[in-house]
Amino acid sequence: QGIGSSSSAARCGAGPSISTSRTTALRRPLTTAKPQQPPPPPPSATSVNSIKNAKTRAGTGNMEGLDGTKAEGVAMASAVAYYQIERERRLENAMGKIVSTGKPAIGGEWSLIDLDGNLVTNRTFEGKWTLLYFGFARCPDICPSEMVKVGKVLDTLAEQYPELAKNLQPIFVSVDPARDSLKALKEYGKDFHPSYVFLTGSPEQVQKMAKKYRVYVSKADET
């Protein structure tokens, strides 16, 4: 069919071009179509992370490829950590400059009465270690539980260190003298260690002693 087409072209006045066209066709080097290469495989998760980390090191501002919310969270955590470290450093520097002299301003002269109505002062227990507990007889749970703990400590000391236990005096000071009468304190004291000494007094006496020992007393609304 190709030759027939060429003969038709010769009748139209293009005869010489037939032979030339054939010669050219014969001399033209044979070419083969190059096989198409397969598309490159998708990047793995490791390579993606490497690119993200590289961008981060380059200063893109995106921490490890995270979005803005996560990056802000990392920045805030870093700021908090820096603040804590700086605060500890300043505290250490300040502690190195503190100079203490003398005795702490706590304690002093006081006078109250015991369950028998006798006057008791700080000089009454000279030569002993006094363990003061400020409370009130209507305390529902904290006072009783803490006083029981002290009683257990006293029993342990009496067994293991009897000489030390002899010089230790637990004292209960009522901070509610208006309601903690001598009778009420006697009934209250029956539930605790026999070594306790219960003291009370006028509101002025109790307030004065509490102030000297840095005890804050506040009366809640009565129900």
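Q: Why is the contact between Lys-190 and Glu-187 called a salt bridge?
A: A salt bridge requires a side-chain nitrogen of Lys or Arg within 4 Å of a carboxyl oxygen of Asp or Glu. The closest N and O atoms of Lys-190 and Glu-187 are 3.2 Å apart, so the pair satisfies the rule. The model is predicted, with local features needing pLDDT of at least 70 and side-chain atom pairs counting only at pLDDT 80 or more, while totals for chains, interfaces and linings use all residues. Residues are numbered from 1 along each chain as its sequence is written, and side-chain values use heavy atoms, leaving out hydrogens and water.

Q: How do you know whether Lys-190 is buried or exposed?
A: Relative accessible area decides the matter: under 20% is buried, over 50% is exposed, and values in between are partly exposed (1.4 Å probe, protein chains only). Lys-190 has 59% relative accessibility and is therefore exposed. Its partner Glu-187, at 46%, is partly exposed.

Q: Which residues are joined into one network by salt bridges that share partners?
A: Glu-109, Arg-123 and Glu-126 are joined in this way.

Q: What makes Glu-109 and Arg-123 a salt bridge?
A: Their closest N and O atoms are 3.6 Å apart, a value that lies within the limit for a salt bridge. Glu-109 belongs to the loop between helix 4 (68-95) and strand 1 (111-113), and Arg-123 to the loop between strand 2 (119-121) and strand 3, so the bridge ties together parts that are 14 residues apart in sequence. Helices (H or I, at least four residues) and strands (E, at least two) are DSSP runs numbered from the N terminus. With 44% relative accessible area, Glu-109 is partly exposed, whereas Arg-123, at 52%, is exposed.

Q: Why are Lys-166 and Glu-163 separated by about one helical turn?
A: They are three residues apart in helix 6, which means a separation of about one helical turn. Their side chains meet in a salt bridge at 3.8 Å, N to O. Lys-166 is exposed at 55% relative accessibility, and Glu-163 is exposed at 55%. By the distance rule, the count of salt bridges comes to six.

Q: What makes the patch formed by Trp-129, Tyr-161 and Leu-164 nonpolar?
A: Patches are built from residues with over 30% relative accessible area and no salt bridge; nonpolar side chains (Val, Leu, Ile, Met, Phe, Trp, Tyr) are joined within 5 Å, and like charges within 9 Å. Trp-129, Tyr-161 and Leu-164 make a nonpolar surface patch of about 380 Å². Leu-164 lies in helix 6 (residues 162-166) and, at 41% relative accessibility, is partly exposed.

Q: Why is the aromatic pair of Phe-134 and Tyr-213 called tilted?
A: By the ring-pair rule, the count comes to seven aromatic pairs. In the pair of Phe-134 and Tyr-213, the centres are 6.3 Å apart and the planes meet at 45 degrees. Rings of Phe, Tyr and Trp (its six-membered ring) pair if their centres lie within 6.5 Å; planes under 30 degrees apart are stacked, over 60 edge-to-face, and the rest tilted, so this pair is tilted. Phe-134 is in strand 3 (residues 129-135) and Tyr-213 in the segment after helix 8 (203-212), so the pair ties together parts that are 79 residues apart in sequence. Phe-134 is buried at 19%, while Tyr-213 is partly exposed at 22%.

Q: Which residues form one aromatic cluster?
A: The cluster consists of Tyr-133, Phe-172, Tyr-188, Phe-192, Tyr-196 and Phe-198.

Q: How many disulfides does the structure hold?
A: The number is zero. A disulfide would require a pair of cysteine sulfur atoms within 2.5 Å. Two cysteines are nevertheless counted as buried: Cys-139 at 10% relative accessibility and Cys-143 at 5%.

Q: What makes the phi of Arg-214 worth noting?
A: Most residues other than glycine have a negative phi. Arg-214, although not a glycine, has a positive phi of about 60 degrees. Arg-214 lies in the segment after helix 8 and is exposed, at 57% relative accessibility.

Q: How many helices and strands does the protein have?
A: The protein has eight helices and five strands, and along the sequence they follow the pattern α-α-α-α-β-β-β-α-α-β-α-β-α. Of its 223 residues, 19% count as buried.

Note on methods: Accessible areas come from the Shrake-Rupley method with a 1.4 Å probe; for residues, only the protein chains shown count as cover.
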